[in-house]
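Morning, everyone. I have a few spots in one model to walk through, so let's put the structure up.

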Amino acid sequence: MENVLVAGANGTTGKKVVNLLKSSQYFNPIAMVRKKSQLAQFESEGITTVLGDLEKDITHTVQDIDRILFAAGSGGKKVKEVDQEGAKKLMDAGKSVNLKKFVMLSSMGAENPEKATELKAYLEAKHNADEYLKETGLNYAIVRPGALTDEVETGKIKLGTDLNERGSISRADVAQTLVRALHDNMANKKVFEILEGDTLIGKAMHAVED
């Protein structure tokens, strides 16, 4: 079992990721949370936790970590400090431990943030973090979903490197895609977009298989 550090484990999508990893036969989730008050909910389920604030030193969070899944976000309040610089900080920490893969939850529109009519600062931060990740030398997968919803999981998506359309997708289906992207034979050094669709996630991801 490989240890996967989930940054943003207390978030809506992050919690779904942790639950999926908990039932995985390949991965063991390590929930990274910012506040001590957030530890108990994971520890009560037997999930290993680590305290880490993306605005501070986080080098301790990557000890014995094999892979990192970044699902953290500032909710628009500190996009540069958390979504951009916090992500970079975790990438740098990952480089020091011979990380096998870094999976980034990005956003549709992050490729060309200058074209955005809304959320421009957020998309710029995600863009800068994504570009930094590409240059780190780490193995990575960058997943860019459309607008996130709380709809039920469908197990189906539409996937492409440039879908050239707007749309939404459930957090549950995004979580499934992120976890699949952790695997060695999937989406290595790839960037792709996802929306709700009609293709089973496993089949759709053949497009980014290695």
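Start with T199. T199 is partly exposed, because its relative accessible area is 31%, and partly exposed covers the range between 20% and 50%. Keep in mind that this is a predicted model.

Where does T199 sit? T199 lies in strand 11, which covers residues 199-200. Now its contacts. Setting aside neighbours within four places in sequence, T199 is in contact with G155, K156, I157 and A204. What separates T199 from V33? Along the chain, they are 166 residues apart. In space, their C-alpha atoms are separated by 33 Å.

Next stop, Q38. Is Q38 buried or exposed? Q38 is buried, because its relative accessible area is 14%, and the cut-off for buried is under 20%. Q38 is placed in the loop between strand 2 and helix 2. Leave out residues up to four places away in sequence, and Q38 touches N10 and V33. So V33 comes up twice in this talk: as a residue that Q38 touches, and as the other end of that 33 Å separation from T199.

Stay in that loop for K35. K35 also has its place between strand 2, residues 27-33, and helix 2, residues 39-43. K35 is partly exposed, with a relative accessible area of 39%. Compare the buried Q38, at 14%.

Last item: charge. Which residues gather in a patch of positive charge on the surface? They are R34, K35, K56 and K77. So K35 is a loop residue, partly exposed at 39%, and one of the members of that positive patch.

That's my tour. Questions are welcome.

Terms used. Residues are numbered from 1 along each chain as its sequence is written. This is a predicted model: local features need pLDDT of at least 70, side-chain atom pairs count only at pLDDT 80 or more; totals for chains, interfaces and linings use all residues. Side-chain values use heavy atoms; hydrogens and water are left out. Helices (H or I, at least four residues) and strands (E, at least two) are DSSP runs, numbered from the N terminus. Buried means under 20% relative accessible area, exposed over 50%, partly exposed in between (1.4 Å probe, protein chains only). Contact means heavy atoms within 4.5 Å. Patches are made of residues with over 30% relative accessible area and no salt bridge: like charges are joined within 9 Å, nonpolar side chains (Val, Leu, Ile, Met, Phe, Trp, Tyr) within 5 Å. Accessible areas come from the Shrake-Rupley method with a 1.4 Å probe; for residues, only the protein chains shown count as cover. A salt bridge is a side-chain nitrogen of Lys or Arg within 4 Å of a carboxyl oxygen of Asp or Glu. Lys and Arg count as positive and Asp and Glu as negative; His and the chain ends are not counted. The place of a charge is taken as NZ of Lys, CZ of Arg, CG of Asp or CD of Glu.
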